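Colleague: I'm new to reading protein models, so could we go through this one together? I'll ask, and you walk me through each answer.

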Amino acid sequence: MDYTFVDVDSFTPNTQINWIPIGDISSHTRSGKANVWTLQMSGGLSLRLSILGPQCFRVQFDPAGGDYSVETSVAVVTRDLGPVTVNVVQDDAEALVLDTGAIQVHVALQPFAVSVYRDGQLLSADFTGQGLVYIPGQEVTACFKNFPRGAMYVGFGEKAGSQLVKNQFTMTQFNFDNFKYVNAPLPQGWGAGPLNPAEALYCSIPLLMELNPSGAGTGGPYAYGIFLDNPGQTYFNVGANDYSDMSGKYYFGALYGEMDYYFMAGGGAPDVLGQYTTLTGRAPMPPKYTLGFHQGAYGYYDHNKLTAAANAYRAAGIPCDGLHIDVDFQDNYRTFTHSEMKFPEVGPYMQGLHAQGFKCSTNITPLLTDNALDETGNVAPYVQRDAMNSINGLIYDTRAGQGPNPNLFVGQVSYGFNFGSNPYEYPPLTPNSQGAVPLGAPGNYSDFGREDVREMWGRQYAHLVNDVGMDMIWQDMTCPALAGSSDTPWKTFPLDQMQNDGLTYVPSAVIHNQYVLNLLRATWEGLGKLRPQTRNFIIARGGYAGMQRYAALWTGDSASSWDFLAINIPEVLNLGLSGVPMSGTDIGGFATGDGTEGTAQVVNGQVVGGITNYELLTRWMQLGSFLPWFRNHYDGYNKQFQEAYAYGDPVPANCGKYVQLRYRMLQVYYDAMWEWTQTGMPVARALFLNDPGDPQVYEHLNDQFFVGRDFLVAPILTPGWSFSPPQPTSRSVYLPAGSQWYAFKDNAAPLDAPVDGGTLIPSWTADLSQVPIYVRAGAILPFRELEQWVGQLARNPLTINIYPGPDSTYTLYQDDGITTEAQGKNGVYRVTEISHTGIPGGQSVRVLRTYDNYPKIPETFYYVALLGTRNPSSVTLGGGTLPNVGDPGSLSQSPGSAYYWNSDLQITFAKVFDTAADVTLTAEYI
């Protein structure tokens, strides 16, 4: 076979040229009492249907006639999606009809086609004559399904485009080093860039979710998901007439391997997410500091540069937890090493950063250089590479259809150019004084399909985490990314190169997208063994379905442009709808773009120019402060700076304001993350996840979102600010129906009157210090005091803000934020249910610990803030009357539970000492 990358309109099942449908089923059998049916076709091929849960089934078809009993998926962790009793309604030559009680699966046999019903309502159906198609003699397959009226399609993992809904787009899943989103092959005449979802990006999650709030005219609202578990190159065409008429249908398909898809039905998107994240797994809670703000740069090339950034953040009062050091940290690009020349006495140096509250990562690529020279230019052992080679764990240059090759595959990685700003030489390259010096390395790669190779890889982090003291791992170039050549035209492994899939050796093309997942698994498990008492964290540049078990994701090498800002929300929200709860972009853009001012030059050894426009940086920092992964990261070899503190006023203040807000509301993010571990609901949420019953929310999905359940953010995504004359930017804001909404005042001013849901505010004007934010009436939002880093304050009491409105309940999660003690059956953590209820003339708040195995919780009290209240006539706690201490200072110093009413803010503040597992606070008003 010719193993190659195939662009989206060269994958052509809709032409029906050479493609044939499955056709008639000649016979079918059930595997004993199991919920598995094998359907035989003429010619000896077969397919298999398995019922996995009340709302989930699986279809498998291998055009090569493989053995379905052999499971090779690296994505799936369980196929038990709940107890199910299957009632066989019809079983004859015409049809097999199975009823789970929740859905009915109709399998037509003459010819084969699958339809799914829920209480008589049609949810999904194979498109007539094209349900499951293939090309005989090849591995290529596709499945066509109906595109009903009112259907919207989301998910698809990491995809570009400024639209959340991907109707009328065609897309491919192939992990690709797509610098600035302009390097992936596209059909002739198709525009590259961040606005085109057709491009292959770094992460591939072949999950489609259909939403149909109108019920397609056949019943109530529904949703379903289809997960195509195939790690080769896959495709989705959602009604896009790219090369043919796709009216009324969509398809998904794969170049290699079997068609293996899971269908998950539900009443809404949360049902689908719950099933999908059960199928592919969830992770334990991450370290709390990972939800703080992070700063990285390719160009923090020595301790002086890094120290300067650390000190500047603390001096500016902009909170920061993470510092990320690129490959500059390494000894001559030797993965797993550090440069003693650039970071001398690295252990004590790292301890000093820790004392300032910083947690650090360094860049780990899959490359193990075969360069024999260290940073001094001398031949020196490279023990980590030698360890991998000792188990014969590196990939050989054997190609499909050829005999074994005794030579290791050698790939070349490019890290760009040093134009003179970095004074250190990289042997054996030309000294930097000679101009633009190419940065990079040749080397070998590990065969991560093998368990022993993954185990050995994990051991190699010992120096970084145990000796150096690195806190987290930055997993980069995971495609893996190689410099383009005649042998690597797709900037990754040759697609005919043989690799281990866990059982045998297959061409790289067949398992391309799972290479990174095995890499992440190796890193995750290795860190867990090296530091079993400390939580792992990996920030990765790529992944496959199931990556959420091991890593968070950043969206690759973005550029400084308003277009890249515009795609942030759809991209991150669709990742959340694909099971990845924690993702974000390189804030400000990693690379230069049309939002960059001035061409960078090196003057006296310093980069000058190439600065992201101040307005773009400000708006990006503001948006990023509400997304799960919050990191400013840039190419310091081509940009003078991008840290907010380095700009002139008012940029540091306008950016710092929202970094500070992020830290004060960090508990909201932490609680949302805990909810994901239990249900699969993401941290940053598309509007329909919280308000599916309002049909208007589907018109406002691209530029608004929720943090958790009740905190609605509508960032400014377009330019327009002017200093002279002052000219704010405006945008529309939609408030979902079914609730009232309060403009967020951050307890700095009284609440305005609530705005009815269903309202479109046509022109919300915002200067550079403002972001439109609304809070649902009745919401409960726990905030903390400001810290410059997570854990700065030994005790940081909560303020539980309760907004006026309908009764509601909030789940609060607490643990130590760093150790693994919270994991396991008897985890050391606390779950508290906070609820408020309106009573005649007042309000009642109940704080109930529903799980409590956290005896060392640092705070001995918390505050309750009742917003929008009059002066209480009395406040009681557990039946006892609390004293009114009159002012905030007295409340802070009160040795016992007490309250005061702030007349300026119209807020009742109560201090409650945390001595009871179940306590009720009641306020009655004059």
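Colleague: Let's jump right in: which loop does P650 lie in, going by the two elements around it?

Modeller: Keep in mind that this is a predicted model. On one side of P650 there is a strand, β39, covering residues 630-635, and on the other a helix, α11, covering 651-664. P650 therefore falls outside both ranges, with helices and strands taken as DSSP runs. It lies in the loop between β39 and α11.

Colleague: And what kind of peptide bond joins D649 and P650?

Modeller: Look at omega, which is about 5° here. Most peptide bonds are trans. The bond that joins D649 and P650 is cis.

Colleague: Which residue is joined to P111 by a cis peptide bond?

Modeller: P111 sits in the loop between β8 (104-109) and β9 (112-118). Omega of the cis bond is about 5°. The partner of P111 in that bond is Q110.

Colleague: Now phi. What is the value for N332, roughly?

Modeller: Find N332 in the loop between β22 (322-325) and α3 (346-355). N332 counts as buried, with a relative accessibility of 5%. Most residues other than glycine have a negative phi. N332 isn't a glycine, yet its phi is positive, near 50°.

Colleague: What about Y333: is it buried or exposed?

Modeller: Y333 is also placed in the loop between β22 and α3. Its phi is positive too, about 60°, although Y333 is not a glycine. For the answer, use the cut-off: under 20% relative accessible area means buried. Y333 has 1%, so it counts as buried.

Colleague: On to a strand. How many residues along the chain separate I539 and W629?

Modeller: I539 is part of strand β30, residues 538-540. With 0% relative accessibility, I539 counts as buried. Beyond its neighbours up to four places away, I539 touches residues including H324, I473, W554 and W629. The C-alpha atoms of I539 and W629 are separated by 9.0 Å, while along the chain the gap is 90 residues.

Colleague: Is V755 buried, exposed or partly exposed?

Modeller: You'll find V755 in strand β45, residues 755-756. Outside the four places on either side of it, V755 touches L735, S739, Q740 and W741. Its relative accessibility is 24%, and partly exposed is the class between 20% and 50%, so that settles the matter. V755 counts as partly exposed.

Colleague: How far apart in space are V755 and L519?

Modeller: Along the sequence, V755 and L519 are 236 residues apart. Going from C-alpha to C-alpha, the distance in space is 49 Å.

Colleague: Which residues of helix α5 are buried?

Modeller: Helix α5 runs over residues 451-459. Its buried residues are covered by elements including β23 (359-364), α4 (383-390) and α8 (515-530). The buried residues in α5 are V453, R454, M456, W457 and G458.

Colleague: Which residue has its backbone oxygen 2.7 Å from a polar atom of the S894 side chain?

Modeller: S894 lies in the loop between α14 (888-893) and β56 (898-902). At 10% relative accessibility, S894 counts as buried. Outside its neighbours within four places, S894 is in contact with K911 and F913. The backbone oxygen 2.7 Å from the side chain's polar atom belongs to G896.

Colleague: Which strand does T876 lie in?

Modeller: Leaving out residues up to four places away, T876 touches T881, L882, T920, L921 and T922. The C-alpha atoms of T876 and I318 are separated by 39 Å. The strand that holds T876 spans residues 872-877 and is β54.

Colleague: Let's zoom out. How many helices and strands does the protein have, and what is its radius of gyration?

Modeller: The protein has 14 helices and 58 strands. For 926 residues the globule rule gives 29 Å, and the protein comes close to that, so it is as compact as a globular protein of that length. Its radius of gyration is 28 Å.

Colleague: Last one: what percentage of the residues is buried?

Modeller: The accessible surface comes to about 30800 Å², with 51% belonging to carbon and sulfur atoms. Of the 926 residues, the buried share is 63%.

How values were computed:
Residues numbered from 1 in each chain as written. Predicted model: local features only at pLDDT ≥ 70, side-chain atom pairs only at ≥ 80, totals over all residues. Heavy atoms only, no water. Helix = DSSP H or I, 4+ residues; strand = E, 2+ residues; numbered from the N terminus. Buried < 20%, exposed > 50% of the residue type's maximum accessible area, 1.4 Å probe, protein only. Polar contact = N/O pair within 3.5 Å; in protein donor to acceptor, adjacent residues only side chain to side chain. Contact = heavy atoms within 4.5 Å. Rg over C-alpha atoms; globule rule 2.2 N^0.38 Å. Areas by Shrake-Rupley, 256 points an atom, 1.4 Å probe, with all protein chains shown as cover.
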